[in-house]
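I set out to record how two chains meet in a model. My entries follow the display.

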There are 2 protein chains.
Amino acid sequence: MISYKLAFLGFGNVGQALARLLLRKMETLQNRYGLTFTVTAIATSRRGNVVHSQGVDLSQVLHAVDSGGNLAQFPTRPISDTVEWLHACDADVLFESIPVNYETGQPAVNYLEMALRRGMHAISANKGPVVHAYRHLTELAQAHGVEYRFESAVMDGAPIFSLAREALPAVDVHRLRGILNSTTNLILERMQAGETLEEAVAYAQSIGIAETDPRGDLDGWDAAVKVAALCTVVLGAPLKPQQVERQGILGITPADIARARQSGQRWKLVCEAYWENGVLRARVAPSLVGPESPLFGVQGTSSMLTLETDVLPGLTIIEGNPGTETTAYGMLADFLNAVKMHPKR
Amino acid sequence: MISYKLAFLGFGNVGQALARLLLRKMETLQNRYGLTFTVTAIATSRRGNVVHSQGVDLSQVLHAVDSGGNLAQFPTRPISDTVEWLHACDADVLFESIPVNYETGQPAVNYLEMALRRGMHAISANKGPVVHAYRHLTELAQAHGVEYRFESAVMDGAPIFSLAREALPAVDVHRLRGILNSTTNLILERMQAGETLEEAVAYAQSIGIAETDPRGDLDGWDAAVKVAALCTVVLGAPLKPQQVERQGILGITPADIARARQSGQRWKLVCEAYWENGVLRARVAPSLVGPESPLFGVQGTSSMLTLETDVLPGLTIIEGNPGTETTAYGMLADFLNAVKMHPKR
């Protein structure tokens, strides 16, 4: 039985869901993978930090957080900022799920870099670092004999990156196409059912899918960041979100919606990237799709990606109704794949 | 650069497509994986055999076969049967694509077993050995430090088994559901467009999808073998095809078809397996599906599989319009994954 020390940088919805999943899967990890874990460090934005090389009781941490408390009852050391925390946290694996700036990928890029340099596997739920520092972080990981992984960055825990990078060896991907932003997918569905944009946004906010400021979803920016991440990793063509041609859903009028309904079609915010005469084209734009399209049935918060390759004409992955645990699962899978690649001695 | 010796047991459509794919991907294999190959042995049913430890020119072999000839012009040794051929073929990897008996998995099971015992990776395009000898062959491979792989056995080259076994660690699959037999899917589509069963079967035969004797497709047997293979590997519950509750498409009447057309629905031969109070249920049966179902849009020879798991509520894979090269690709991927797991010294 090999024991791994885990550190959580960020302990919001995703971090907490990962903690619960780790506890729930503890026996599976022991039986199927011969591994156990202790949590030696947690950094939160408003609840304080934990650093304790013997590990803390994760159930107690979750209980404290669930009841609205902070982490003051748990052992720690005097830590003034995240850099210090990273230096102090004696862990094998860092799980990062903090808010990032998508224009720069910061501050996550710096923290992931530090973790890799200190010999930790860096597991990130963020797409920001992927679009801004994929190659850099991957090379750094290789140099230090560890892994940089980010399965949850696009399509939650669906194994998109595992699939494209490991299950499809020697493939050339010509084109990708899909629905990658679940908020707009849900909003368009509700508009088509008769709600106004405002009502649909309010509903998406009420179930915790849309942000208080929903512009990043509505104007296609979130989808563009995901397209850029997929281009960078799956097409092997580094692309910044700013380079993705982008049109959100705000231009769709009630008349457009009515026309779609009448013709039995649906509006979808479609993401696409493809090679054209050696040039990479990438865009996000609303499209009308009919029942024959595989995009048609992708409803609610589901998402979808089709890869067109030189050997598989069309391989489609659909992620049905994901939740926070789905995202957490992507991080767990990253952890298991990372330690499989680099077994601890 | 590491060189692998390859042997082809069976050189029909799939074997030839794999040979062409290997030639086409030669540069990719060198550049991305640092590997080259020679073909040291080929066994065919009617065109003779090749055994030559220096390797034969694969382009010339393909040319001879394409022009309807046999392999007599290539070097070989006196070989009277496949067992002798297997003993003589000095290879690192066996690609097996011969006809098998689905009631027993033979003769492929015996040949795969021999190859594994002789230290070859055994890459099979057959589902027969999976349902009849998965555990045995897997354990044998482990004992000999090689791999038994069979990605092409279900859904052609779509990475179903890679996905379920490697990209989804620590997952518990509760249920699987999908369309796994492309012949009946195409036939039902054409019947719904107005053809009789006989016309649709004739068409499927004319494009090389249906066998001369199409009963194995029409009565659901082929689909049942695939369900059994998925249960065995993905659900971890060994199941024989005979244990799959089975209803083919022959009971669908013109009135059924007319009713589907009128209501905007479609008939699909749906495969399903799930756990119910600790008991595994598996069945193949025609179902009416509407446009809201992800099964609705799976047309032509495409196929689809949805996994319901404890952490991902619904993960769907769709393989669009596969061809022989898609099947060949599954074998190439198996080869690359096998040598990645066990790099040659």
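I counted a salt bridge where a side-chain nitrogen of Lys or Arg lies within 4 Å of a carboxyl oxygen of Asp or Glu. The model is predicted, so I note that local features need pLDDT of at least 70 and side-chain atom pairs pLDDT 80 or more, while totals for chains, interfaces and linings use all residues. Residues are numbered from 1 along each chain as its sequence is written, chains are lettered from A in the order in which they are written, and side-chain values use heavy atoms, without hydrogens and water.

Entry 1, salt bridges. I found 10 salt bridges across the interface of chain B and chain A. In one of them A:Glu292 pairs with B:Arg266, with the closest N and O atoms 2.3 Å apart.

Entry 2, symmetry. I superposed the copies by least squares on C-alpha atoms of residues with pLDDT of at least 70 in both. A turn of 180° with a shift of 0.0 Å along the axis lays chain B on chain A with an RMSD of 0.0 Å. That is the relation of a two-fold axis. In chain B, the C-alpha of B:Ile317 comes closest to the axis, at 2.4 Å.

Entry 3, contact. I took contact as heavy atoms within 4.5 Å. Chain B and chain A each bring 44 residues. The copies meet through the same surface, because 100% of the interface residues of chain B are also interface residues in chain A.
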